[in-house]
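Visitor: I have not seen this structure before. Could you walk me through it?

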Amino acid sequence: MSVNRSVYLICRLQRHITRSRICHVFPGSSLLHEQHQSVSVACSRNVSSNSSSSKPLDTSLFVPVSLKTEPSAEFSVGAELTQPLEKSELLKVLNRFYKRKEMQKLAGEYGLDSRLFHQAFISFRKYVLEMASLPADLHIILNDICCGAGHVDDIYPYFIRHAKQIFPMLDCMDDLRKISDLRVPANWYPEARAIQRKVIFHAGPTNSGKTYHAIQRYLAAKSGVYCGPLKLLAHEIFEKSNSAGVSCDLVTGEERTFIDLEGRASGHVACTIEMCNVNTPYEVAVIDEIQMIRDPSRGWAWTRALLGVCAEEVHVCGEAAAVEFVRELMYTTGEEVELHTYQRLTPFSVMDHAVESLDNLRPGDCVVCFSKSDIYSISRQIEARGQECAVIYGSLPPGTKLTQAKKFNDPDDPCKILVATDAIGMGLNLSIKRIIFNSLIKPNVNEKGEKQMETISTSQALQIAGRAGRFSSKFKEGEVTTMHREDLPILKEILSQPVDSVEAAGLHPTAEQIEMFAYHLPDATLSNLVDIFVSLSQVDGMYFVCNIDDFKFLADMIQHIPLNLRSRYVFCTAPINKKQPFVCTSFLKFARQFSRDEPLTFDWVCRHISWPLAAPKNIKDLVHLEAVHDVLDLYLWLSYRFMDMFPDTASIREIQRELDDIIQQGVQNITRLIRATGPALSDPLREQNGKNSGNNGPVSGSHSLKSKSQKGQTESSEVADSNSLSKRLLRDGLLTPELLQQLQKEWSQTQKVKVNDLGTEQLSRKKVNKMKKKK
């Protein structure tokens, strides 16, 4: 009993110390009104740190940590020293504490806003009421309050202690803010800051020779790096360099090609922008398409390359709309910008009339669509008219795109028409005479990561229109028009407007920053860590944090898989198409196999993708083959990050080339695949063709989504275009053929009822009129 007596005395002493530390300035308090400074100082320090933030903290991102309850002891020291606590009395005491405005105010100064205060109280109440044995000091305090010997405010220190356990970020908020401070990204690259770089901006529209002049300096240098937005562009510079006798390596996310047989690095390298090495010194660096520094998803890669590449000369190529911003950005590094401007080498003009019918297509025409369904529809109608066409869209493998481009460019090939998405905007050399916009509406992702349909921007329109009449092609002058008459004045208006100036550059949290966050918040998920990082991050007006929805999507997908943080981060930066279920499933299986420390062998991958694969029989098969190609790309991408776990890159690359050939065969026979797809795709098109037989106009699912100036359409016009609407609903998977038939039946029944009602109403009116006449 002497031991328990000692514990009792210690708890009593601790209680008096605690009570003296609380600032009892609240009315109605029965405790000593002593104003102790320690809590006040701590709170004021926290207030000052919060007030220095550039934006309010989003506390909804703070996920409470589940506390691990210790197994209850055989007896409670607190209960033995005092008496057992009645839960009904405890509940009354805790509710009184929660309603105390003074306590909420004091907790707010410590970082607990009303949301966090409520969550912390719910957790604290559950802890107090459900724990079989409370800590002795807390038990004694609660007993005193229940007996009337203590004040409800005495609970506050224990409540705060509990709140800090479930919200550990409260104790390290200043450190978290320092880690997420992104206001001076130029200082992240000491190697680049150690040299005085010469920055040359080559500004001009498409087909102006700006990149050509930068590449000429690149080839003449002792060493250099080319950073492009696409694998196709990196491949082009790689081949051009080696053809000119300048040894050049290729580095993309999925490929490393060294010219030296022993694997030694060459002085020159062509890479995708994300793969730019900011630690290797070069004489010349070329950063292409610099205006993409404002891209909401990939802009961070251009920011990193521009601020961090360690080169004596940095040649920047892009639109003139980015010149002033790059100048301003270089002021932060103490570097000046030398400007070289270029004019378009071959002119293009906007025609005065639309094409209006696929019968009016000519050799060298390129019909630009913004959805794959429109690609399929247009290409089928073209070939139904006895003409061959090439097809290019974003999800096709690079090899297939090049093959289709070669087919279209070949003067001896009967294929003279190209149907493409805006994937032709950069990275492919095409002999196009006339660009024809099938639609001016394009799906975009806004700053919040939400998908929306918008009229294309001036920059996008110029990028696509500029493919007409290329200097290197047989067409020295280009033409631009629309498929539909009503779109032509809108296109002219878009092209006449100035390109929006670049105003901000993208940033992205690095693996090191997330690791430091995880050190302070070890129980938080990766997705939650990134959310808190972005919420706390501070950027000045020249920067923004890139959209992280894709990263979080992958992080949530593999959260249940046991991976260390660095591996988890690398997996989540993999460039995959999250709209493809097979790709997402494969990503999940890759991560699970990796977590078991079991290498992903060639045989394992072949079993997963059911290799060998047959030629596609319909569009669904073709889409699946494209997804399999993406899965092999994912394997190759991961193999360069985890070489020991993804060992069979040579074999994977070999079957990927075979798969590329299979996909090429499918694309060459795309009309047959569309015909074999079934009525879900073909019937609405056939109906619409019959409906439009008067003018032989093309069908476009996206055309029914008119431009901004045409959004005020009446309901009657929408009903008249119901076939187009049903086609879009079927295409998007929102409607099945069975549901469509049911809706048609209900519609016809509704119409019959309306007709019967109308007949009854007319009959009634006739009777009334007869009665009036009799009177």
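Some questions and answers about this predicted model follow.

Visitor: What pLDDT does the chain average?
Guide: This is a predicted model, and pLDDT is the predictor's confidence in each residue. Of the residues, 78% score at least 70. Two stretches fall under 50: residues 16–54 and residues 680–723. The chain as a whole averages 82.

Visitor: How many helices and how many strands are in the chain?
Guide: The chain has 775 residues. Buried residues make up 50% of them. The count of elements is 31 helices and 18 strands.

Visitor: Which helix gives the largest share of the largest nonpolar core?
Guide: That core has 162 residues. Ile 155, Phe 159, Ile 290 and Phe 571 are among those with the most contacts inside it. Twelve residues of the core come from one helix, residues 619–639. That helix is H25.

Visitor: Which residues does Phe 571 touch, not counting those up to four places away in sequence?
Guide: Phe 571 is among the residues with the most contacts inside the largest core. Its partners include Leu 554, Ala 591 and Leu 638. The others are Ile 558, Phe 587, Phe 590, Phe 594, Phe 642 and Phe 646.

Visitor: How many residues are in the other core, the one with Phe 370?
Guide: This core lies apart from the largest one. Cys 415, Ile 435 and Ile 464 are also among its members. The core has 28 residues.

Visitor: Which strands are the edges of the open sheet?
Guide: Eight strands form the sheet, with mixed pairing. Their order is E4-E3-E5-E2-E6-E7-E1-E8. An edge strand pairs on one side only. The edges are E4 (256–257) and E8 (337–341).

Visitor: What is the bridge partner of Gly 224 in E5?
Guide: Strand E2 covers residues 224–228, and strand E5 covers residues 268–272. The two pair in the parallel sense over five bridges. Gly 224 has as its partner His 268.

Visitor: What angle does the direction of H11 make with that of E7?
Guide: Helix H11 (residues 210–220) packs on the sheet. It touches E1, E2, E3, E5, E6 and E7. Its direction makes an angle with that of E7 of about 160 degrees.

Visitor: How many residues of H13 are buried?
Guide: Helix H13 spans residues 299–308 and is mostly covered. Trp 302, Leu 306 and Leu 307 are among its buried residues. The cover includes helix H10, helix H14 and strand E7. Of its ten residues, the buried ones number eight.

How values were computed:
Residues numbered from 1 in each chain as written. Predicted model: local features only at pLDDT ≥ 70, side-chain atom pairs only at ≥ 80, totals over all residues. Heavy atoms only, no water. pLDDT = per-residue confidence, 0-100. Contact = heavy atoms within 4.5 Å. Core = buried A, V, L, I, M, F, W, Y, C linked by side-chain atoms within 4.5 Å. Buried < 20%, exposed > 50% of the residue type's maximum accessible area, 1.4 Å probe, protein only. Helix = DSSP H or I, 4+ residues; strand = E, 2+ residues; numbered from the N terminus. Pairing = 2+ DSSP bridges. Axes fitted to C-alpha atoms, helices over the stretch in contact; angles between N-to-C directions.
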